[in-house]
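Student: Could we go through this structure together? I would like to start with the helices and then look at a few residues.
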Amino acid sequence: MRARLLIATLALGGGILAGGTMSLPALAQTFASNGVVRGAAPDVVQLTLHEVQLRLEAMGYRELTKIVREPDRLRIKATDSQGRRVDLAVDPVHGDVLDAEVRRSRVERTEVDRASWLTLHQVQVKLEAMGYRDIEEIERERNGYEAKATSAQGQRVKLAVAPRSGEVSEGRAERVTRAAIGMSD
(Lines give C-alpha, C1' and ligand atoms only; values in the text may rest on other atoms or scores of the structure.)
Protein backbone atom coordinates (compact mmCIF):
# COMPACT_ATOMS: atom_id res chain seq x y z
CA MET A 1 0.00 0.00 0.00
CA ARG A 2 2.80 2.35 0.94
CA ALA A 3 4.67 1.58 -2.30
CA ARG A 4 1.58 2.34 -4.44
CA LEU A 5 1.07 5.67 -2.65
CA LEU A 6 4.72 6.57 -3.22
CA ILE A 7 4.51 5.66 -6.93
CA ALA A 8 1.26 7.62 -7.38
CA THR A 9 2.78 10.66 -5.63
CA LEU A 10 5.91 10.53 -7.77
CA ALA A 11 3.89 10.15 -10.97
CA LEU A 12 1.61 13.07 -10.08
CA GLY A 13 4.55 15.27 -9.06
CA GLY A 14 6.45 14.38 -12.23
CA GLY A 15 3.44 15.25 -14.38
CA ILE A 16 3.01 18.63 -12.69
CA LEU A 17 6.71 19.38 -12.98
CA ALA A 18 6.82 18.39 -16.67
CA GLY A 19 3.75 20.50 -17.48
CA GLY A 20 5.20 23.54 -15.72
CA THR A 21 8.57 23.15 -17.40
CA MET A 22 6.98 22.98 -20.86
CA SER A 23 4.84 26.09 -20.36
CA LEU A 24 7.53 28.24 -18.72
CA PRO A 25 9.49 29.02 -21.94
CA ALA A 26 6.25 29.94 -23.70
CA LEU A 27 5.35 32.37 -20.92
CA ALA A 28 8.84 33.84 -20.89
CA GLN A 29 8.72 34.36 -24.64
CA THR A 30 5.25 35.90 -24.59
CA PHE A 31 5.72 38.61 -22.00
CA ALA A 32 8.62 41.01 -21.75
CA SER A 33 9.40 42.89 -18.56
CA ASN A 34 7.60 46.00 -19.85
CA GLY A 35 4.38 44.12 -20.59
CA VAL A 36 4.68 44.26 -24.39
CA VAL A 37 3.80 40.99 -26.06
CA ARG A 38 6.89 39.62 -27.77
CA GLY A 39 7.40 36.50 -29.82
CA ALA A 40 3.68 36.13 -30.46
CA ALA A 41 2.47 32.82 -31.75
CA PRO A 42 2.95 32.46 -35.51
CA ASP A 43 -0.80 32.03 -36.05
CA VAL A 44 -1.51 35.54 -34.68
CA VAL A 45 -2.51 37.68 -37.64
CA GLN A 46 -0.94 41.13 -37.76
CA LEU A 47 -2.76 44.05 -39.32
CA THR A 48 -1.68 45.19 -42.77
CA LEU A 49 -0.03 48.60 -43.07
CA HIS A 50 -3.21 49.88 -44.69
CA GLU A 51 -5.38 48.67 -41.79
CA VAL A 52 -3.05 50.35 -39.30
CA GLN A 53 -3.16 53.60 -41.28
CA LEU A 54 -6.98 53.54 -41.34
CA ARG A 55 -7.13 52.95 -37.58
CA LEU A 56 -4.70 55.79 -36.87
CA GLU A 57 -6.64 58.15 -39.14
CA ALA A 58 -9.82 57.22 -37.26
CA MET A 59 -8.00 58.20 -34.03
CA GLY A 60 -7.16 61.63 -35.48
CA TYR A 61 -3.60 61.03 -36.66
CA ARG A 62 -2.67 62.26 -40.14
CA GLU A 63 0.32 62.90 -42.38
CA LEU A 64 2.00 59.59 -41.67
CA THR A 65 5.58 60.01 -42.89
CA LYS A 66 7.26 56.79 -41.77
CA ILE A 67 6.20 53.25 -40.91
CA VAL A 68 8.66 50.60 -39.71
CA ARG A 69 7.50 47.08 -38.87
CA GLU A 70 9.40 45.58 -35.93
CA PRO A 71 8.82 42.13 -34.41
CA ASP A 72 6.64 43.41 -31.58
CA ARG A 73 5.37 46.81 -32.78
CA LEU A 74 5.15 49.32 -35.59
CA ARG A 75 7.08 52.58 -35.29
CA ILE A 76 5.24 55.41 -37.03
CA LYS A 77 5.88 59.12 -37.50
CA ALA A 78 2.70 61.17 -37.86
CA THR A 79 0.88 64.36 -36.93
CA ASP A 80 -1.61 64.22 -34.06
CA SER A 81 -5.00 65.97 -33.92
CA GLN A 82 -3.36 69.10 -32.41
CA GLY A 83 -0.94 69.38 -35.34
CA ARG A 84 2.12 68.18 -33.39
CA ARG A 85 4.64 65.79 -34.95
CA VAL A 86 4.66 62.55 -32.94
CA ASP A 87 6.53 59.25 -32.87
CA LEU A 88 4.11 56.37 -32.25
CA ALA A 89 4.58 52.79 -31.13
CA VAL A 90 1.60 50.79 -32.40
CA ASP A 91 0.50 47.24 -31.59
CA PRO A 92 0.72 45.29 -34.89
CA VAL A 93 -2.13 42.93 -33.98
CA HIS A 94 -4.79 45.32 -32.63
CA GLY A 95 -3.65 48.72 -33.92
CA ASP A 96 -3.61 50.27 -30.45
CA VAL A 97 -1.18 53.13 -29.79
CA LEU A 98 1.25 51.79 -27.18
CA ASP A 99 3.27 55.00 -26.85
CA ALA A 100 3.17 58.51 -28.35
CA GLU A 101 6.09 60.90 -28.05
CA VAL A 102 5.84 64.51 -29.26
CA ARG A 103 8.78 65.52 -31.43
CA ARG A 104 10.35 68.93 -31.44
CA SER A 105 8.82 71.14 -34.09
CA ARG A 106 10.85 72.13 -37.11
CA VAL A 107 9.80 74.15 -40.10
CA GLU A 108 9.10 71.98 -43.12
CA ARG A 109 10.50 73.05 -46.46
CA THR A 110 7.42 73.99 -48.45
CA GLU A 111 4.20 72.38 -47.32
CA VAL A 112 2.49 73.62 -50.50
CA ASP A 113 4.98 71.63 -52.56
CA ARG A 114 4.47 68.51 -50.43
CA ALA A 115 0.69 68.82 -50.60
CA SER A 116 0.85 67.39 -54.13
CA TRP A 117 2.88 64.36 -53.00
CA LEU A 118 1.39 60.89 -52.83
CA THR A 119 0.33 59.71 -49.38
CA LEU A 120 2.16 56.89 -47.64
CA HIS A 121 -0.74 54.59 -48.47
CA GLN A 122 -0.67 55.53 -52.16
CA VAL A 123 3.07 54.78 -52.27
CA GLN A 124 2.43 51.39 -50.63
CA VAL A 125 -0.30 50.53 -53.15
CA LYS A 126 1.92 51.52 -56.09
CA LEU A 127 4.83 49.43 -54.79
CA GLU A 128 2.58 46.40 -54.31
CA ALA A 129 1.19 46.88 -57.84
CA MET A 130 4.78 46.82 -59.15
CA GLY A 131 5.31 43.42 -57.48
CA TYR A 132 7.05 44.46 -54.28
CA ARG A 133 5.93 42.64 -51.12
CA ASP A 134 6.79 42.37 -47.43
CA ILE A 135 7.12 46.15 -47.21
CA GLU A 136 9.01 46.71 -43.99
CA GLU A 137 9.46 50.48 -44.07
CA ILE A 138 8.21 53.54 -45.94
CA GLU A 139 9.58 56.96 -45.04
CA ARG A 140 9.02 60.43 -46.45
CA GLU A 141 12.37 62.11 -47.06
CA ARG A 142 13.24 65.60 -48.28
CA ASN A 143 13.07 64.71 -51.97
CA GLY A 144 10.71 61.74 -52.02
CA TYR A 145 10.01 58.46 -50.29
CA GLU A 146 12.32 55.66 -49.25
CA ALA A 147 11.09 52.09 -48.79
CA LYS A 148 12.44 48.67 -47.85
CA ALA A 149 10.70 45.69 -49.39
CA THR A 150 11.14 42.36 -51.15
CA SER A 151 11.31 42.49 -54.96
CA ALA A 152 9.33 40.22 -57.26
CA GLN A 153 12.56 38.20 -57.60
CA GLY A 154 12.63 37.63 -53.82
CA GLN A 155 15.53 39.98 -53.05
CA ARG A 156 15.39 42.52 -50.18
CA VAL A 157 15.77 45.98 -51.69
CA LYS A 158 15.92 49.60 -50.59
CA LEU A 159 13.95 51.84 -52.92
CA ALA A 160 13.82 55.55 -53.68
CA VAL A 161 10.29 56.45 -54.76
CA ALA A 162 9.33 59.57 -56.72
CA PRO A 163 7.00 61.67 -54.51
CA ARG A 164 4.35 62.50 -57.11
CA SER A 165 4.38 59.58 -59.54
CA GLY A 166 5.36 56.71 -57.23
CA GLU A 167 7.90 55.48 -59.76
CA VAL A 168 10.86 53.63 -58.34
CA SER A 169 13.87 55.69 -59.35
CA GLU A 170 16.47 53.54 -57.63
CA GLY A 171 16.61 50.03 -56.27
CA ARG A 172 19.55 48.36 -54.61
CA ALA A 173 19.91 45.08 -52.79
CA GLU A 174 20.22 45.31 -49.05
CA ARG A 175 23.13 43.54 -47.50
CA VAL A 176 21.85 40.58 -45.50
CA THR A 177 24.21 39.59 -42.70
CA ARG A 178 24.18 36.40 -40.68
CA ALA A 179 23.27 38.40 -37.56
CA ALA A 180 20.35 40.07 -39.37
CA ILE A 181 18.75 36.74 -40.13
CA GLY A 182 19.41 35.25 -36.71
CA MET A 183 22.24 32.90 -37.58
CA SER A 184 25.37 32.51 -35.55
CA ASP A 185 28.85 31.48 -36.65
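Tutor: The following turns treat a pair of helices and then two arginines. This is a predicted model, in which local features need pLDDT of at least 70, side-chain atom pairs count only at pLDDT 80 or more, and totals for chains, interfaces and linings use all residues. Residues are numbered from 1 along each chain as its sequence is written, and side-chain values use heavy atoms, with hydrogens and water left out.

Student: At what angle do the axes of H2 and H4 cross?

Tutor: The axes of helix H2 (residues 49-58) and helix H4 (residues 120-129) cross at roughly 165 degrees and come within 11 Å. Axes are lines fitted to C-alpha atoms, for helices over the stretch in contact, and angles run from 0 to 180 degrees between N-to-C directions. Helices are DSSP runs (H or I, at least four residues), as are strands (E, at least two), numbered from the N terminus. H2 and H4 are therefore roughly antiparallel (an angle over 145 degrees).

Student: Which residues make the contact?

Tutor: Leu49, His50 and Gln53 of H2 meet Leu120, His121 and Gln124 of H4, where contact means heavy atoms within 4.5 Å.

Student: Now the arginines: is Arg73 buried or exposed?

Tutor: Arg73 is buried, at a relative accessible area of 18%. Buried means under 20%, exposed over 50%, and partly exposed in between (1.4 Å probe, protein chains only). Arg73 sits in the loop between strand S1 (62-69) and strand S2 (74-79).

Student: And where does Arg140 lie?

Tutor: Arg140 belongs to strand S5 (residues 133-140). Arg140 is buried, with a relative accessible area of 16%. Not counting residues up to four places away in sequence, Arg140 touches Thr65, Arg114, Trp117 and Tyr145.

Conventions
Parallel < 35°, antiparallel > 145°, perpendicular 65-115°, else oblique.
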